[in-house]
Structure formats: C-alpha cells, structure tokens
Amino acid sequence: MRTIYRNGAVYTGELPLCQAFVVEDGRFVCAGTDEDALAMKESGDEVKDLKGRFVCAGFNDSHMHLLNYGNALRAADLSQHTHSLAGMKEYMKEFIREQSPKPGAWVRGRGWNHDYFEDEKRFPNCHDLDMISTDYPICLTRTCGHACVVNTMALHLAGITGNTPQVEGGLYEVDESGEPNGIFRENAMDLIYGCLPEPAKEDIKEMILAASKALNRYGVTSSQTDDLLAFNNVPYERVLEAYRELDAEGRMTVRVYEQSQFTNLDVLNGFVEKGYNTGWGNHWFKIGPLKMLGDGSLGARSAYLSQPYADDASTRGIPIFTRQQFEDMVGYANSHGMQVAVHAIGDGILDDILAAYEK
C-alpha cells in the first residue's frame, strides 16, 4: 500500500519545490506535482493533504549525547543564565524555590560558561555554590560537559578531602590550604557523579523519550549518540535494554547509531564477545563505533596541548589515555571489524591518536 502526500511545499534537495510525494514500503517512489502523485493511486492507497505545509528530509545530529540530554532536561538550564556569576547564583536560588526539592536531594544544573561571565571571568567554586544553598548538594556542569563544580555539602557527601587520590585522566582542584575547591575536570567528575541517584531502566527510557521529543521539534530524526557511560553507576546493558524495549514498544522517534564508549580493553572485549559490534541492531537502534574520549575541552582547560596554555602556563591539559592504551583499544577494535571514533581537541592528544591509527 502506498501513502500519497499532496498539496505541500516539498524540498527534495533542489529547487523548485514539489507539491507532492509518494511513499511505499518506507521509501519515496515519487516526488512531483499533485497530478504526478495522484496518478499512482491504486485501490487501498491513502491520500493525505499537507495543507500547504513545508516538508523536507529529517535532520541528522552527528554528535549527540541523547541520554545525557534527556537527563539535562530535568536540571536547571544555565545556558541562558550565564551572563554573570552573580546572575547564575540568583537563577539557581530561584530554581530551588520553584522546584522545592526533597530535603537532601541533589540539585543539578548544566550549561554555565565562565567565558561569558560579565562580572568575573572565572570558574565558580564551592564557596560560590554555598551562597546558593547549604541545605542541598549542588552539582553544576559546564556547558562543554568536561568540568563541573559542587558545593561543600556535595564534597562532604562524596567524601572528597585533600587526601583523596587524584583520578587518572582527571583532576580535582585544591585551594591554597590543599583542600578541594569544588572544581572537577574529566574523569575526576566521576567522584561526584558516582554519588548521584542511580536511574532505573524506566528512568532511562523516559530520558530517551524526552530527548527524542525535543530533537523532533527541531526536525531531527536520526542521531549518532554516546550513551553507554552516561551514568557511571549504571551498567551499559541497562542502557541497551532501555533502547531495545523502546524499539519493541514502537516508541522510538529518533533513529540511533550508538557510539559505544568504553575505557578499558577488558570491558570492550566482553562487549564484542556478547555479539555487539558495529552494525548490530536494526532500523531504529544500531551499534556504531567504539567511542573514546582522548582529552577534554579548551574552555575547561582540559584539552591536551603540546605546549602550555597561553593564559595558564601551569597546564597543558589532561590526557585521558596513554598512547599505549590508545594502541591497545584501537588495535583490538580494528582487528574485530569495529569502527573507531575518538574525541580529540588538543594537538597533543591528536599525536597519540594518529599514532595509534597508523599502527
């Protein structure tokens, strides 16, 4: 059976616009005038009036964190409230008043950017967040997702002190007295994220649906996304089960190509031995490449450079993996026919990644 769409303004990739198109078995079989489309009508075919609406192909978002986005939709949106550090504090106070969280519940926010602060162009710290509230643990993630800041209550709940070992591939900052100042970068953020409430599978499904609905509003119908390590206290199988169930229930509205992030060879090996690999899946959900994060972002000063930062000579950034780890992971993926995608911002980390690819 065909579906005939008529009386529209249809963009096919070239001008002039068409009026109509015909879909059969999930494929476009005609695009042209109303007369062209209606001439293909047979008994049982459905005709839909577009009522002059504009139609174009769905957009693909090639670099998305669908599950993280769905989670962020539940948090305070700081992307519109980063004009000043003082303004961000006031917005968070209002957010808490409006939301009235349960006593002791974590308060989350995402999207601040100190480069846009008009009063003080610096990272907020635990003392700034203490001015927002000392009754709730607060965690505010930078717009890039490569750094976060927490208040003193959150530090206490996480058990972070000046004696806490630094995390490989990450860094938490300390003040002049050697105590944490609330700023966490890269893998060190897991010290905080691991204390957040663990989402159940139904929570994960709701986040995926909320993010998909938001993408659909912008015309996005397919996405390459990185979700398996969205929560460090959730096994990746739970995320895969959530996607499989949404697919089986017919509730997926964004086609997903899952960039499968892993941080060590043993887990990657287990993933492949279970039968997962690039291409596994179906029309709505498919496994894509091995995803690795080589370094962080320039704004968070965690992108790994070959020379110190011009505005901070004390650092070159943070390499998340060694060259040997890149070679081991990329080599394993390559030998098993798995694609590889590596986040690389700094020229320093790019040297290690290209060396691994070359080998």
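**Exercise 1. Helices α7 and α8**

Determine how the axes of helix α7 and helix α8 are oriented to each other in this predicted model.

Solution.
Step 1. Helix α7 covers residues 201-217 and helix α8 covers residues 236-248. Their axes come within 9 Å and cross at roughly 60 degrees.
Step 2. Angles from 65 to 115 degrees count as roughly perpendicular, and angles under 35 degrees as roughly parallel. The crossing angle of α7 and α8 falls in neither range, and the two helices are therefore oblique to each other.
Step 3. The crossing of α7 and α8 is right-handed.
Step 4. On the α7 side, the contact is made by K201, E202, I204, K205, I208 and L209. On the α8 side, these meet R238, V239, E241, A242, Y243, E245 and L246. Sorted by type, the residues of this contact are seven nonpolar, no polar and six charged.

**Exercise 2. R244**

Decide whether R244 counts as buried, partly exposed or exposed, and list its contacts.

Solution.
Step 1. R244 lies in helix α8.
Step 2. Its relative accessibility is 31%. Buried means under 20% and exposed means over 50%, so R244 counts as partly exposed.
Step 3. With neighbours within four places in sequence left aside, R244 is in contact with E237, Y276 and W280.
Step 4. M329 is 85 residues from R244 along the chain, and the C-alpha atoms of the two are separated by 26 Å.

**Exercise 3. The sheet of four strands**

Give the strand order of the open sheet of four strands and find its edges.

Solution.
Step 1. The order is β4-β3-β1-β5, and the pairing is mixed.
Step 2. β4 (27-32) and β5 (46-49) each have a single partner strand, so one side of each is left without a neighbour in the sheet. These two strands stand at the edges.
Step 3. On average, neighbouring strands of this sheet are turned by 20 degrees against each other, direction ignored.
Step 4. β3 (residues 20-24) pairs with β4 in the antiparallel sense over five bridges. Within this part of the sheet, E24 stands opposite R27 in β4.

**Exercise 4. The sheet of five strands**

Describe the order and pairing of the open sheet of five strands.

Solution.
Step 1. The strands follow the order β7-β14-β15-β16-β17, with parallel pairing.
Step 2. β7 (59-64) and β17 (340-343) are the edge strands, each pairing on one side only.
Step 3. Neighbouring strands here are turned by 30 degrees against each other on average, direction ignored.
Step 4. β15 (residues 255-261) and β16 (residues 285-293) pair in the parallel sense over five bridges. S260 stands opposite L290 in β16.

Terms used:
Residues numbered from 1 in each chain as written. Predicted model: local features only at pLDDT ≥ 70, side-chain atom pairs only at ≥ 80, totals over all residues. Heavy atoms only, no water. Pairing = 2+ DSSP bridges. Axes fitted to C-alpha atoms, helices over the stretch in contact; angles between N-to-C directions. Parallel < 35°, antiparallel > 145°, perpendicular 65-115°, else oblique. Left-handed = near helix turned anticlockwise from the far one by under 90°. Contact = heavy atoms within 4.5 Å. Nonpolar A, V, L, I, M, F, W, Y, C, P; charged D, E, K, R; others polar. Buried < 20%, exposed > 50% of the residue type's maximum accessible area, 1.4 Å probe, protein only.
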